[in-house]
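Biologist: Pick one part of this model and walk me through it slowly, please. I'd like the backbone oddities first, then whatever sits around them.

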Amino acid sequence: MNRFFSLFLFSLIVSFGCKSKLETPKDKLPNVIIILVDDAGYVDFGFMGSKDLQTPHIDDLAKSGVIFTDAHVSATVCAPSRAGLITGKYQQRFGFEANGTGGIGLSDDVTTIADVFQNNGYNTYALGKWHLGEETSDHPNQRGFDEFYGFLAGSRSYFSLENPSKEKMLQHNGKRVVFDGYMTDVLGDQSVQFVADSKEKPFFMYLSYNAVHTPMHAKKEDLEKFKDHPRQKLAAMTWNLDKNIGKLLTKLDDLGIRENTLIYFLSDNGGAHNNQSSTGVLKGWKGNKFEGGHRVPFVISWPKMVNGNQKFEGLSSSLDIFTTSLSAAKINKPKALQLDGKNLLPYVKGEKKCNPHETLFWRKLEESAVRKGNFKMIHLQNYGAVMYNLNKDLGEINDISKQNKSQLDSMFLSYHIWQQEMKTPLWVEGKDWMNVTYHIHQKLMQNKIPEYKDIWSPAFKEKKYK
C-alpha cells in the first residue's frame, strides 16, 4: 500500500507540475497598456532630463525599459495624433488631418488596435480622453473597446461639472458617472480596477490621461506641495499624474503580471505654449512642424522580453505601437489591414541595428514636413521651405536648403509620392486658427518670435480687426 500510495502521490505531483507550468504568467499572452499623456513637454520628466518636475514612478517605468530618443507622433495636435496611433496608419489616409473631429470622427471602415485585440480574445479597456468623434458610430464601445470610462471631448475641467454636455461628461459605457474628486485620480483608480477585473484573461488598455492639458487645474494639497515652484500648476499636475501611474504599476506588481505586461508611455504631441511645459532645446511647440511639436518622450517597458536601462536612437513613431503590439501578442495582421508602423521589438532586443524608419511625414492643411535620415524639411504653402540637418542642428536654426538643393528636391519628391496616397482632408480648422498657425510657422522659419500664438491673443485680435 505504501508503494502504491507513493506512486499515486508522484503522479499527482507530476500532473500538477505540468499544469502549473502551463499556467504560469510567463507563458501567457502579454497584457498591453498604452499610457498616453496630453501636451507634455519633451523634457518635463525626470528620465528626459527635468530637474524641477518630480516623476519618480514614470522614471522607474523608463528605467525598466527602453527610452526612445528620436520618437515622434504623426500629428502635432491632439485628435489627428490619436487617430494615427489607434489605427497604426497615417491619419491622412482616411481624411482625419485637421484638429477636432469635424462632426465626422474616425471613418467607419478603419480598424482600430482595440478591434484586433478584441477579436483575438483580449479584454479591451479605454480610459480618459477620447477626442476621436462624438457620434454613436465613433463611441469607443463601437470601436473595439469592451469598456469605456472617460469623456468624448478634447478637454474639460479636472473637477466635477454640474450639468456637463454629452461630450464633457464622465461616462462609463455611455452612462454618466457623477464623481467627487480630481479627474486624474478617478482615471487612475479605474485603471487599477480594470486590471483587477480582467482576472485570468489578457487585456489591452488604452489609458489616455487628459493631464497635463489645460485648464491648469490641480488639487489643493498638490499646489501647496509646490507653492514656491516657478511652474507651480504644472508641477502639481505632473506630480499627481505620476502618482496615479505609480498606482497602476503597483497593482500590476501585486497581481504578479508586471513582468509580462508591455507598457508604452508617450505624449500625444509636444508641449503646449499655454501649460507651462518645456521643450528644452527643441524649437517650436504643439501645433507646428518643428521638433517641439512632434518629437515626444517615448518609453517601451516589457521586463519579460526586453532588457531595461536602454536607450534607442533610431527614428521611430507612435504609428509603430500597433504593429509592435500585434507581434508581442502573436496576433497575425489581418490581410486587408494596411499599417504604416514598424515592429520595434527586433530593434530593442538588438536583433536589428538600423532605423525602424528611413522617412516620416507630417501634414496639416497648409503646413507639412518630411524627415529623411538626418534631414528635416518644413514647407509652408505659398511661402517656401526650410531644411535642417538634425544631427548637427537639433534646434532647427540653420537653414541649409539653398546649399543642398539636390537633397531638398529629394525630400519634395518623397513627399509628393507619399501625398498621392493620402486623402483630401474631410474638414479644416477655423480661418482664425489657420491664420495663427500660418503666422507661427512663418516666424519660426525666419528664426523670429511669433507676435501671437493663439486666437485669444490681444495682438491677434488687434490685427484681425484692423
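Modeller: Let's fix the vocabulary: helices (H or I, at least four residues) and strands (E, at least two) are DSSP runs, numbered from the N terminus. What you're looking at is a predicted model, where local features need pLDDT of at least 70, side-chain atom pairs count only at pLDDT 80 or more, and totals for chains, interfaces and linings use all residues. Residues are numbered from 1 along each chain as its sequence is written, and side-chain values use heavy atoms, with hydrogens and water left out.

The part I'd zoom in on is the loop between strand 8 (203-208) and helix 6 (220-225), where Val212 sits. The peptide bond leading into Val212 from Ala211 is cis, with omega near 10 degrees. Step along to Pro215, also found in the loop between strand 8 and helix 6, and you hit a cis bond between Thr214 and Pro215, with omega about 5 degrees.

Asn210 belongs to the loop between strand 8 and helix 6 too. Asn210 counts as buried, at 2% relative accessibility; the bins are under 20% relative accessible area for buried, over 50% for exposed, and partly exposed in between (1.4 Å probe, protein chains only). Contact here means heavy atoms within 4.5 Å. Skipping neighbours within four places in sequence, Asn210 is in contact with Asp38, Lys129, Phe151, Arg156, Tyr158, Met183 and Leu187.

Now back up into strand 8 (203-208). Leaving out residues up to four places away in sequence, Tyr206 touches Ile34, Leu36, Arg82, Leu85, Ile86, Tyr125, Ala126, Leu127, Lys129, Trp130 and Phe145. A nonpolar core, by the way, is a set of buried Ala, Val, Leu, Ile, Met, Phe, Trp, Tyr and Cys residues joined through side-chain atoms within 4.5 Å. In the largest one, with 53 residues, Tyr206 is among those touching the most other members, alongside Phe68, Phe117, Trp130, Phe204 and Phe298. Apart from that core lies another, of 52 residues, including Ile33, Ala40, Met216 and Ala236.

For contrast, here are some positive phi values. Asn309, in the loop between strand 10 (298-301) and strand 11 (310-312), has a positive phi of about 55 degrees although it is not a glycine. Asn309 is exposed, at 62% relative accessible area. Asn382, in the loop between strand 15 (375-380) and strand 16 (384-389), has a positive phi near 60 degrees, again in a residue other than glycine. Asn382 is exposed as well, with a relative accessible area of 74%.
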